[in-house]
2 protein chains.
Amino acid sequence: MALVVQKYGGTSVGTTDRIKNVASRIIKTYEAGNEVVVVVSAMSGETNKLVALADAMCDIPDNREYDVVVATGEQVTIGLLAMHLKSLGYNAKSYQGWQVPIKTDSTFSKARIESIDDTKIRADLKAGSIIIVAGFQGVDKDGNVTTLGRGGSDTSAVALAAALKADVCEIYTDVDGIYTTDPNICKDATKVDKISYDEMLELASLGAKVLQLRSVEFAKKYSVDIHVRSSLNENTGTIVTREDKDMEGILVSGVAYDKNEAKIAVLGVPDKPGIAARLLTPLSDAAIPVDMIVQNVSHDGLTDLTFTVTKADLKKALQITNEAAKEIDAKEIVTKEDIAKVSIVGLGMRSHSGVATRMFSALSKNNINIAMISTSEIKISVVIDEKYTELAVRILHEEFGLAG
Amino acid sequence: MALVVQKYGGTSVGTTDRIKNVASRIIKTYEAGNEVVVVVSAMSGETNKLVALADAMCDIPDNREYDVVVATGEQVTIGLLAMHLKSLGYNAKSYQGWQVPIKTDSTFSKARIESIDDTKIRADLKAGSIIIVAGFQGVDKDGNVTTLGRGGSDTSAVALAAALKADVCEIYTDVDGIYTTDPNICKDATKVDKISYDEMLELASLGAKVLQLRSVEFAKKYSVDIHVRSSLNENTGTIVTREDKDMEGILVSGVAYDKNEAKIAVLGVPDKPGIAARLLTPLSDAAIPVDMIVQNVSHDGLTDLTFTVTKADLKKALQITNEAAKEIDAKEIVTKEDIAKVSIVGLGMRSHSGVATRMFSALSKNNINIAMISTSEIKISVVIDEKYTELAVRILHEEFGLAG
């Protein structure tokens, strides 16, 4: 007997019929002798509807009240799923975040899970119940409802799996697992059987939207094995797990891309110590995340500083940067939105040199110009013209032998 | 400075624009120097949508999970209203039932309020906040979400007013108050300025659907003045309050009708002690409320027993009655659905005789046949053919001088 945590996303519970399908899968796992804890998202479209209502009430909704509204989406799903299981004769019980409780900090809309009290769930599991928990939500120390941000249900599932010391955390989605790249771009993209937390973290943050970044951080911290798989078939998906010897043999595990960033270049800045801080601190004060940062070598005492933000933040970031640029006597500010970030990720890079060179050559051979470069121990990202995104992904996928 | 509890029903908060109108009214009350606690229902139509989802999941939804689903309707409204008030610069805070907490028993879908802890709300009121509470919902001793049944938000409001010792409980609706009868039937129906709890209880239970019955019971028990008024204008509505000397002078305060009942007649029953109990106990065991009961005088050792149930319960009630009738050797069972109950209510009846005679004569003069009669201290009800309902109401409204 194993303890299995399963998470079903919005598409998997998008209609009452799909919720019934999910129930069948849960029953199969339960009947096989497992203890089952299920985490569900809101029915697809519901969260957007709730957000639209909030937007109709005011320009910038109060965060506490926004969470009160959007948390209802998951609450509906848990009730519907639990009542269906009960109507089929199974013991099932729904839990909202505050009922578990899943304790979070008070950062409404982006709350972080602090602790999970598993007493009630354990007692119900022992009594033979199937547990249905609302994803995406928790409760802070003052009894306010909080939500974990888009995709937060993944984190709810992994955190529950950690708290319950579950044998596995299955994340059901509409794809078969993690692919070497986007199959919509590369027909020969292949499913990865096993991938390390660190590689998954890089891929998640690079725009491969299968898992929420924080859920992978959580899984790594508590060594929770995540099984990403399809809710439409019985295929084995991808296991996200601790790094092992085999994984290091693979130079590059995947190619990711992200069209969601924009570039801001501050040109002709007098090259003095502290200019990067003076430019970027106001942005972090305004809670605008900056991704890639490049500072060119100085010519004639002037230097250029280029960085990327999400397209959604561009307008606000530009406004802030304009002010900061005046203070440091920058000559000009240039922005560019039609860019893309293309990245390769692999544990093997750590022990093999020359991966970056191979990447740059492959792109240059195909006349794709590189505007920015950023690297980590297991990742190399480049910024290129947006129109070359698909081409670059295909080139790199082939260059590093990822085709099926 | 007064403490005002205001309740807004589903129609008053039916769209985001209407919620904004409600906010204006709340602000007006707050700016006049009052402490304001607001109870809201789900946006009109939302509860029906949630019920439809539950119905799609199973034939008879589990009560606990049903409450989890339908309680979301009110949760959305409190969040939207609170965020709008905050965006206008007012301190506002939403409360779900469990957050107050409003403690109920565990009768899911028809829970009864047991106690309200006013500590948190009092503290927030003191800090200048406008309090927005989800109507219709509470929490039981085990931390399960419960709901109070249709119209339960009225009861939430009155119970909060009692707990907070509010100066008044304003129930906002889409009519101007309590009328002497349904203005759709009688063009000259008039608004009643003041009515006693007992009269309102009779009217509420007789199908004048302005207030939930239990809310009036609660108001009577804790002497809470209810002000029923329109959310569309500033008119004074009807005050539901303790009985006073003036009220006794009025013979009949209102004429009510109810087309929602059906009649079951059990004919040719051997007239022995205990037959009524043997017929009716199985119905009460099945939680089917029986309203009017009439047993005719016995002829040749045989008697007839007639009673009414709601049309919704008819099928089930008939099945149960068929079995019970066999056991007591009844000859025949006859049902009739096209009936209506028409009633007059008034404190004055207690001290004036002849009211019943006047009622029966007025109906008979117009050739309306009376099938059943039932009376209480302050009410006389008759069952007639459904097609005469409107005529009977108009006749009685005129007979007792209720026209404007």
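## Notebook: cis prolines, sheets and a chain contact

I began in chain A with Pro101(A), which sits in the loop between β3 and β4 (102-104). This is a predicted model, and I kept that in mind throughout. I checked omega next: the peptide bond from Val100(A) to Pro101(A) is cis, with omega near -10°. Then I looked up the corresponding spot in chain B. There the bond from Val100(B) to Pro101(B) is cis, with omega near -15°. Pro101(B) lies in the loop between β3 (92-95) and β4 (102-104) of chain B. I noted these bonds because most peptide bonds are trans.

**Strand β3 of chain A**

I stepped back to the strand that leads into that loop in chain A. Is β3(A), residues 92-95, covered on one face or on both? I found both faces covered: Ala92(A) and Ser94(A) are buried on one side, Lys93(A) and Tyr95(A) on the other. Side chains in a regular strand alternate between the two faces of the sheet. For the neighbour, I found that β3(A) pairs in the parallel sense with β6(A), residues 130-134, over 4 bridges. Lys93(A), one of the buried residues, has Ile131(A) as its bridge partner in β6(A).

**Around β12 of chain A**

I looked at β12(A), residues 238-241, from its two partners. β10(A), residues 194-196, runs parallel to β12(A) and is joined to it by 3 bridges. β11(A), residues 226-230, pairs with β12(A) in the antiparallel sense, also over 3 bridges. I then asked which residue of β12(A) is the bridge partner of His227(A). My answer is Ile239(A), and Lys194(A) of β10(A) stands opposite Ile239(A) as well.

**The four-stranded sheet of chain A**

I traced an open sheet of 4 strands in chain A, in the order β13-β18-β20-β19, with antiparallel pairing. Which strands stand at the edges? They are β13 (254-258) and β19 (372-376) of chain A; each has a single partner strand, so one side of each is left without a neighbour in the sheet. The twist averages 20° from one strand to the next. At the β19 edge I counted bridges: β19(A) and β20(A), residues 379-385, pair in the antiparallel sense over 5 of them. Ile373(A) stands opposite Val382(A) in β20(A). I also found a helix on this sheet: α7(A), residues 197-205, packs there and touches β13, β18 (339-345), β19 and β20 of chain A. The direction of α7(A) makes about 170° with that of β18(A).

**A helix pair in chain B**

I moved to chain B for a helix pair. Two packed helices are described by the angle between their axes and the distance between the axes. For α12(B), residues 355-365, and α13(B), residues 389-399, I have an angle of about 130° and axes 10 Å apart. Roughly antiparallel would need an angle over 145 degrees, and α12(B) and α13(B) are therefore oblique to each other. Their crossing is right-handed. I listed the contact residues: Arg358(B), Met359(B), Ala362(B) and Leu363(B) from α12(B), and Ala392(B), Ile395(B), Leu396(B) and Glu399(B) from α13(B). By class that makes 6 nonpolar, no polar and 2 charged residues.

**Where the chains touch**

Next I went to the contact between the chains. Here 29 residues of chain B are in contact with 29 residues of chain A. On the chain B side, α1 (16-31), α2 (46-57), α3 (63-70) and α4 (72-87) each supply at least two residues. Which helix gives the most? I found that α4(B) does, with 11 residues. The residues on this side of chain B divide into 16 nonpolar, 9 polar and 4 charged.

**Loop residues**

I finished with some loops. Most residues other than glycine have a negative phi, so I flagged Ala287(B) and Asp329(B).

- Ala287(B) has a positive phi of about 60°. It is in the loop between α10 (275-285) and β15 (293-295) of chain B, and with 9 other C-beta atoms within 10 Å it is exposed.
- Asp329(B) also has a positive phi of about 60°. It lies in the loop between α11 (314-327) and β17 (332-336) of chain B, and with 12 C-beta neighbours inside 10 Å it counts as exposed.
- Lys165(A) lies in the loop between α6 (152-163) and β9 (168-173) of chain A. It counts as exposed, with 11 C-beta neighbours inside 10 Å. I took one C-alpha distance from it: Asp285(A), 120 residues apart along the chain, is separated from it by 38 Å.

Methods:
Residues are numbered from 1 along each chain as its sequence is written. Chains are lettered from A and ligands numbered from 1 in the order in which they are written. This is a predicted model: local features need pLDDT of at least 70, side-chain atom pairs count only at pLDDT 80 or more; totals for chains, interfaces and linings use all residues. A residue is buried if 20 or more other C-beta atoms lie within 10 Å of its own, exposed if 12 or fewer, and partly exposed in between; C-beta atoms are placed from the backbone. Two strands pair if DSSP finds at least two bridges between them. Axes are lines fitted to C-alpha atoms, for helices over the stretch in contact, and angles run from 0 to 180 degrees between N-to-C directions. Angles under 35 degrees count as roughly parallel, over 145 as roughly antiparallel, 65 to 115 as roughly perpendicular and the rest as oblique. A crossing is left-handed if the near helix is turned anticlockwise from the far one by less than a right angle, and right-handed if clockwise. Two residues are in contact if their C-beta atoms, placed from the backbone, lie within 7 Å. Ala, Val, Leu, Ile, Met, Phe, Trp, Tyr, Cys and Pro count as nonpolar, Asp, Glu, Lys and Arg as charged, and the others, Gly among them, as polar.
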